[in-house]
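Trainee: I should like to begin with the pocket of this structure and then turn to its cysteines. May we look at the model together?

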Amino acid sequence: MHELVGALRSYAWGSRTALAELCGRQVPSAHPEAELWFGAHPADPAYLRTDDGTRSLLEVVSENPGEELGAAATRFGDRLPFLLKILAAEEPLSLQAHPSAEQARSGFARENRTQVPLDSPMRNYRDDSHKPELVVALERFEALAGFRDPLRTVDLFRALDVAELAQYAGLLAAQPDSDGLRTLFTSWITLPPTVLDTLLPTVLDGCVRYLSGSEREFAAEARTTLELAEAYPGDAGVLAAMLLNRITLQPGQGLFLAAGNLHAYLHGVAVEIMANSDNVLRGGLTPKHVDVPELLKVLDFEPIDLPLVLPRPAGDGSVRYPTPAPEFALRRFDLTAGSALVPLTDAGPGIVLCTAGSARLLDGDSKVTLTRGSAAWISAADKDIRAQATGEPATLFCACVGAV
């Protein structure tokens, strides 16, 4: 068991206050801080504090996968199968989706054959893994996720009362299924600039009129459309985003996204866990590389309900966030001040992340104290980890490998 120092990632959509404040650093930060990675991904591994100094978690796992990963090394190869993050979105992320396992293997091999450098901004597949992911809100968290029921989208278009949307409402009303969504999404995301420059302003005018009226059923959707257009003027992704579920997570609520689910995180701070991958296919709302043909290959156009994941009591003092992903599982412990030692029952490999208060982790004679924004690495050899809040209530997120 060792303290784990996260790798800080700076992107334009990040926050100058959220992660700095969470980790007890100077506010505002010099640059927008978007993600804090706790894992062993080659792009940016976290580091262990040891008696011999700091060492990359990737290096430690690679040198001794049997001891560090245990049975997970047999299931997933000699690498940690999940990546844990804290995400802080001040502005919307790109409209994106992640490939399935088969698509990731194929795409990674293809880009290797064509010798696209791993660090190239034109690279779609940076590894050969799929990327199911779960976010759990630490504060109010706003997102777009998965295609909305087409008939509800028809209602939205008609509520905006924009003449130019009538043909698209008719298309979806006549084919309210995944094929209709595919047709409309493909049409919008590939609109010629001359057509987009005419359609988008009329839709935005309709959103303004709608928000000034008494009918407010789709207020969040209309407001989000205007906000995205302000951040990314003239971007076809603004129209495409109107086809997605608009979701607000309250603190403690989760959102699970399987392969192919189109999504965009809009605002807020969350814990995020995913398969150990950095594969992203973008369709808009970003200055980064957009590859619409490749995105269309991986998208799942089947409409879904709001993909919320609510915490379930686990019987050991924690709550669990159930998902079908075999690579990871996530629990949350809310420790009261002065509480007795609480066993963290799942064996390693795992990562314990503190998001509120402070806590002490004990394993025999070994001890690690965690404060907000800090984490600890639990190897498969660590069998009896216990936790206790120190002086004030504490919240711990425990990430481990999913059940067989």
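Trainee: Which strand gives the most to the lining of the largest pocket?

Mentor: This is a predicted model. Strands E3 (35-38), E6 (82-89) and E12 (263-275) each supply at least two residues of that lining. With four residues, the greatest contribution comes from E12.

Trainee: Which residues lie nearest the centre of the largest pocket?

Mentor: The pocket has a volume of about 710 Å³. Its lining comprises 39 residues, and those nearest the centre are Tyr-11, Trp-13, Ser-94, Arg-282 and Lys-288.

Trainee: How many residues of the lining of the largest pocket are charged?

Mentor: The lining divides into three classes. Nonpolar residues number 17 and polar residues nine, while the charged residues number 13.

Trainee: Which domain does the UniProt annotation place at residues 3-148?

Mentor: Over residues 3-148 the chain is 24% helix and 28% strand, with the end C-alpha atoms 42 Å apart. The unreviewed UniProt entry annotates this range as "Phosphomannose isomerase type I catalytic".

Trainee: How many disulfides does the structure hold, and why is Cys-398 not bonded to Cys-400?

Mentor: A disulfide is a covalent bond between the sulfur atoms of two cysteines. A pair counts as one when the sulfur atoms are within 2.5 Å. The closest cysteine sulfur to that of Cys-398 is in Cys-400, too far for a bond because the distance is 8.1 Å. The number of disulfides is therefore zero.

Trainee: Is Cys-400 buried or exposed?

Mentor: Buried means under 20% relative accessible area. Cys-398, at 6% relative accessibility, meets this cut-off. At 8%, Cys-400 likewise counts as buried.

Conventions. Residues numbered from 1 in each chain as written. Predicted model: local features only at pLDDT ≥ 70, side-chain atom pairs only at ≥ 80, totals over all residues. Heavy atoms only, no water. UniProt positions renumbered as here; feature names shortened; annotations may be inferred. 1 Å grid on protein atoms, 1.4 Å probe; cavity = no way out; pocket = protein on both sides within 12 Å on 5 of 7 lines; lining within 4 Å. Points joined across faces, edges and corners; volume = space filled by probe spheres on them. Nonpolar A, V, L, I, M, F, W, Y, C, P; charged D, E, K, R; others polar. Buried < 20%, exposed > 50% of the residue type's maximum accessible area, 1.4 Å probe, protein only.
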